[in-house]
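Please find below some remarks on the model, set out as numbered points for checking against the coordinates.

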Amino acid sequence: MLEKGKISHRQLTVLTLLYTIGTSILIVPSIMSVFSKQDGWIACLVGAGADFIIILIYGALVRRYPTLTFAEYSEKILGKWLGKAISLFYLSFIFLLSAFLLRVVGNFMTTHIMPNTPIEVVIILFMLVVIYAVRLGIETTARAGEIFLPFVIVLFLILVVFLMPQIEMDRIEPIFENGMKPIILGAFYYFNLQEQVILLMLLPYTNRPEKAKNALLAGTMLGSVVIIITVLFSTLILGTDFTQRNMYASYTLAKQISVGNFLQRVEAMLAILWLITIFFKTVICVYAVSLGTAQTLRLKDYRTLTLPFGLLLVFLSLLVYDNIISFIAFTPKVFSLYATIFMVIIPVALLSIDALRSSIKGNQSP
């Protein structure tokens with residue numbers, strides 16, 4: 001068996017929440033300020049709404065194939081060879097995303113936390129822990145998510161409470177200054193940074209597949225609330241100009257907290273919060289690409305792929321971009337368009353083709 005574990009509806013919600021926060025809590029404020037200025041929080045609201053709509057489409061696919069992953073029902077719908085081609089194309093997207101996640105971890109840690117440590121060391125150590133978690137299976141990962149969730153909530157609430165006195169409401173004005181176009185553009189980038197389509201690889205392993213859609217919606221909604229608050233606070237406290245010039249604006253935001261000798265180096269709390277969430281997002285991505293590849297190639301156990309994939313991801317993460325400037329230029333403008341193919345076009349096409357086939361069969365039946 002490729003995977004025997006089962007996760008509950010609640011655990012899927014927790015994993016979705018951690019996955020949604022992922023890298024977004026650190027990099028989204030800057031991206032939203034660049035494209036939507038002080039209306040970045042509104043763009044996040046619109047983008048979250050788009051996430052909810054696409055999850056309804058994913059839910060329709062899950063209802064039709066509750067026991068199959070995306071990699072498996074692609075073959076059911078499109079046939080063996082075309083289905084395998086689409087599946088491998090989809091898995092290449094997850095693989096590339098995993099490399100980006102590793103590189104973001106390496107860049108952040110060597111820039112702000114351990115500047116004298118080679119980025120290769122950070123990425124290799126992080127990847128070893130990810131591989132270990134992936135080999136333990138999705139059930140163990142889900143249980144770990146439940147353990148870490150309270151820490152994430154408490155750390156985030158501490159940040160929010162101690163930042164509130166520094167809010168300056170005039171920084172968010174004027175609302176809709178540049179019209180709807182920048183908001184729609186920012187919403188498009190926000191939507192594609194969530195990559196919720198990857199979670200389709202987890203849904204067959206829930207103990208109640210009929211509630212999987214609700215779990216995805218709940219986790220996405222809660223994660224979006226955390227990100228929207230972070231974007232809003234970055235604008236209200238740091239201002240739009242400073243936020244768009246700072247890649248890790250929310251980390252800088254945490255540095256603004258000053259409570260005498262009671263709390264020092266509070267930014268470390270945000271670093272811990274972010275490392276927890278990006279760890280779970282990376283584990284889910286590596287798990288999904290390993291499991292999906294094993295299913296597509298008819299391998300007996302996905303775990304045989306974890307080590308070679310881990311080594312490839314380490315090398316790829318060092319090559320995906322040269323520096324943080326190229327990352328900022330590439331992610332919203334290029335990667336977002338690329339992600340749209342997998343998040344929208346392919347799922348909608350699969351659902352449409354399957355619905356059309358079902359309709360034809362229904363008309364042909366006596």
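1. The lining of the largest pocket is made up of 10 nonpolar residues, with no polar and no charged residue among them. The residues concerned are Leu-17, Ile-21, Leu-149, Val-152, Ile-153, Phe-156, Leu-157, Leu-222, Val-225 and Val-226, and the volume that they border comes to about 170 Å³. This is a predicted model, and the pocket should be read with that in mind.

2. Which helices supply the lining of the largest pocket? At least two residues each come from α1 (9-21), α7 (138-163) and α9 (212-238), and the largest share, 5 residues, belongs to α7.

3. As to confidence, the protein has a mean pLDDT of 85, and 91% of its residues reach 70 or more. Helix α6 (residues 119-136) marks the upper end with a mean of 93, whereas confidence is lowest in helix α11 (residues 249-255), where the mean is 77.

4. A helix pair away from the topic of the pocket also deserves a comment. Two packed helices are described by the angle between their axes and the distance between the axes. For helix α4 (residues 70-78) and helix α12 (residues 267-296), the packing angle is about 35 degrees, and the axes lie 8 Å apart.

5. In that pair, α4 contributes Ala-71, Glu-72 and Glu-75, which meet Gly-292, Gln-295 and Thr-296 of α12. Sorted by class, the contact of α4 with α12 holds 1 nonpolar, 3 polar and 2 charged residues, while the lining of the largest pocket has 10 nonpolar residues and neither polar nor charged ones.

Definitions and conventions. Residues are numbered from 1 along each chain as its sequence is written. This is a predicted model: local features need pLDDT of at least 70, side-chain atom pairs count only at pLDDT 80 or more; totals for chains, interfaces and linings use all residues. Side-chain values use heavy atoms; hydrogens and water are left out. On a 1 Å grid over the protein atoms alone, a cavity is a set of points where a 1.4 Å probe fits but cannot get out, and a pocket is an open set with protein on both sides within 12 Å along at least five of seven lines; lining residues have an atom within 4 Å of a point. Grid points are joined across faces, edges and corners, and a volume is the space filled by probe spheres set on the points. Helices (H or I, at least four residues) and strands (E, at least two) are DSSP runs, numbered from the N terminus. Ala, Val, Leu, Ile, Met, Phe, Trp, Tyr, Cys and Pro count as nonpolar, Asp, Glu, Lys and Arg as charged, and the others, Gly among them, as polar. pLDDT is the predictor's confidence in each residue, from 0 to 100. Axes are lines fitted to C-alpha atoms, for helices over the stretch in contact, and angles run from 0 to 180 degrees between N-to-C directions. Contact means heavy atoms within 4.5 Å.
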